Each structure stands twice: as C-alpha cells, then as structure tokens.
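Let's take a walk through this one together. Have a look around first, and then we'll go piece by piece.

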Amino acid sequence: MINILVTGGNGQLATSIKDVSKDYDQLQYIYTDSEDLDITNQQHVADFFQNNNIDWCINCAAYTAVDKAESDVDLARKVNKDGAKHLAMACKANNVKLIHVSTDFVFDGKSSALYSENDSAQPLGIYGLTKLEGEQAIQKSLEAYFILRTSWLYSEHANNFMKTMLRLAESRPELNVVADQIGTPTYATDLAGVMVKIINDNSTNYGLYHYSNEGVASWYDFAHAIFEIANTNTKVFPIKTEAYPTPAARPQFSVMDKSKIKEALKIDIPHWRESLKQAIKNL
C-alpha cells in the first residue's frame, strides 16, 4: 500500500482526487481539513507526520480568496507560505514526497508568449505573492517535490466559475463577463489524474511544472462555452476588466507552456472544451 496524505481534504481538488482514485486499490488516503491538520502550526504538522505512516503528501490546502487576500495578508501568508514550508520540512524529516499545487497568478500577465517554468515570476497581488513564497519555501527545504502550477480550476465540486455561471443562468437572461483576461480553464479531475499518475508511477522527475488543460480562453470565452454546452438561454456579453473593478489585479495573460510536464510524465493533456463537456455531463 502507498499511504497518501491530502490536505485541504474537503475542497474541489481533493474531492476530484477521490473521484480518480477509485481504480487504484494500492493507494490509501488520509484526507484532512484544517481541523484535523493545521498546516500553519509547525508542531502540529511535525506531530501528525510522526504519528502517521505517510509516503506521499498532496497539498491541496490554500488560501484562494484572491480579492480578500489583499486585506487579509497575514492569514494568506500563514496558509500559502508557512503552511507549505511546514509540510516540506515534515516531508524531509520523514522521507515523504510532496506534491504541491500553485498558480498562474505568480505571473504579472504582461507577456504575450506562453509562460514557461523558467520565466520570471512577478505576482500582481497578495494571493500570487504568497503562493510564490510557498513555492520558494518548498524549494529551499526539500528535494523530493513536485510543484504543479495550474490555472482557472473548476469541477463538479465546491464553488467555482463553471458552477457560478450555471447558477446565475437560472435567474439571469444576460450576463457581462470580462473578455481581456486570457488564460486556460483547468478541469480539477484532469489535474487530479496527473497527481495520481505521479504517485502510481513513483516518479522521481522532481521539480516545478506547469499543468492546465490545452487551449486558450478569456473568461468571456469560458462562460460562453459553459452556456453553449449546457444548452442554456442566457446570453453573455464581453466587457473590459476596467468595467469590473476588483481589489486584486489579475494577470491579463497567463497561458502556461506545458511542454516540460508532457515530456517528463509522458502524458496527453485534453483541450479545455473537451474537459468542460465532461464536467457538465457529470453535473
């Protein structure tokens, strides 16, 4: 048996891991939330690792409220930076391999080319900054790690853009959605599948990787596709970012180059529209 600790165990990514792990009898999971394991408490993390037999840790726990983070800096940093560091230190002390989830928000979005793992990270807001600090803390503390930067995560589970759009479509005939922020929607089930593959293959190709679905979209494109595939009557109209001001700035372009992970793990990545069709079908 391979014993896997999953933090953030009630979130959409952890729930997606449960979905994709049904066919892997040799994988055994410990799913924890903040009450079971407070990753901001170093001693709590150290004790948990010593008291449990763990081979791999998947860190799905994160402070992801992008706008709220601008005024809640301390908590965002405790979870995204300190929590990542505590897990990395415990992994090193107990010979555990770590898979950590990061974000395209580490980039400022001023490029017009695909972002590679070697490109300079210049976050625009506190969320992106604290996630970058978490990456750096892991890299300083541990060698046996996979950091997976992803983008625009959605699924059938928890709260996300796809489910919000479908909920709004039930009561609104028209919606305005930002069309000048460009990235790639990522189906959490696809990302979860990559994580499970890394563990099942016992991969040692450690390092920093980019993973999202293939293709490029604006939030407007994403919403339009959701309504089209779900066959709703809601009309969606494109607007500029300045028409929808938010406390935190978003990168205008954050499409990531996935060449490295495709080569290292020998995987094919689905196009975002194909995965969106599957997610809506599953709903």
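**A guided walk, starting after H6**

Right after H6 comes Asn202, with a positive phi near 50 degrees. Before going on, a word on the ground rules: this is a predicted model, in which local features need pLDDT of at least 70 and side-chain atom pairs count only at pLDDT 80 or more, while totals for chains, interfaces and linings use all residues. Residues are numbered from 1 along each chain as its sequence is written, and side-chain values use heavy atoms, with hydrogens and water left out.

Back to Asn202. Most residues other than glycine have a negative phi. Asn202 is not a glycine, yet its phi is positive. You'll find Asn202 in the loop between helix H6 (188–200) and strand S10 (207–210); helices (H or I, at least four residues) and strands (E, at least two) are DSSP runs, numbered from the N terminus. Asn202 has a relative accessible area of 45%, so it is partly exposed; that label sits between buried (under 20% relative accessible area) and exposed (over 50%), using a 1.4 Å probe and protein chains only.

Asn231 also has a positive phi, near 60 degrees, without being a glycine. Its place is the loop between helix H7 (219–230) and strand S12 (235–239). With a relative accessible area of 66%, Asn231 counts as exposed. Asn95, which follows H3, has a positive phi too, near 55 degrees.

Now for H6 itself. Its 13 residues reach 18 Å from first C-alpha to last, close to the 18 Å expected, where the expected span is 1.5 Å times one less than the number of residues. H6 is mostly covered, with ten of its 13 residues buried. Among them are Leu191, Met195, Val196 and Ile199.

Val196 also turns up in the surroundings of Tyr24. Leaving aside neighbours within four places in sequence, Tyr24 is in contact (heavy atoms within 4.5 Å) with Val196 and Asn200. Tyr24 belongs to the loop between helix H1 (12–20) and strand S2 (27–31), and at 27% relative accessible area it is partly exposed. For a sense of scale, the C-alpha atoms of Tyr24 and Ile239 are separated by 45 Å, with their positions 215 residues apart along the chain.

Next, follow H3, residues 73–93. Its 21 residues should span 30 Å at 1.5 Å a residue, and the end C-alpha atoms are 29 Å apart, which agrees. There is nevertheless a kink of about 30 degrees centred on Asp82; the bend at a residue is the angle between axes fitted to the seven residues ending there and the seven starting there. The buried residues of H3 include Ala76, Val79, Gly83, Leu87 and Cys91. Their cover includes strand S1 (2–7), helix H2 (42–51), strand S3 (56–59), strand S4 (97–103) and helix H4 (126–141).

In soluble globular proteins, nonpolar side chains tend to be buried together. Here, Phe49, Cys57 and Leu98 touch the most other members of the largest nonpolar core, which has 30 residues. A nonpolar core is a set of buried Ala, Val, Leu, Ile, Met, Phe, Trp, Tyr and Cys residues joined through side-chain atoms within 4.5 Å. H2, H3, H4 and strand S5 (145–150) each give two or more residues to this core, and H3 supplies the largest share, seven residues. Not counting residues up to four places away in sequence, Phe49 touches Leu87, Ala90 and Cys91, among others. A second, separate core of 29 residues includes Ile17, Leu148, Leu191 and Ile269.

What about the rings? There are 13 aromatic pairs, counting rings of Phe, Tyr and Trp (its six-membered ring) whose centres lie within 6.5 Å; planes under 30 degrees apart count as stacked, over 60 as edge-to-face and the rest as tilted. Tyr29 and Tyr31 have ring centres 5.4 Å apart and planes at 20 degrees, so they are stacked. Tyr154 and Tyr187 are stacked as well, at 5.6 Å centre to centre and 20 degrees between the planes. This pair links distant parts of the chain, since Tyr154 is in strand S6 (residues 153–154) and Tyr187 in strand S9 (residues 186–187), 33 residues apart. Both Tyr154 and Tyr187 are buried, and both belong to an aromatic cluster that includes Trp152, Phe161 and Trp219.
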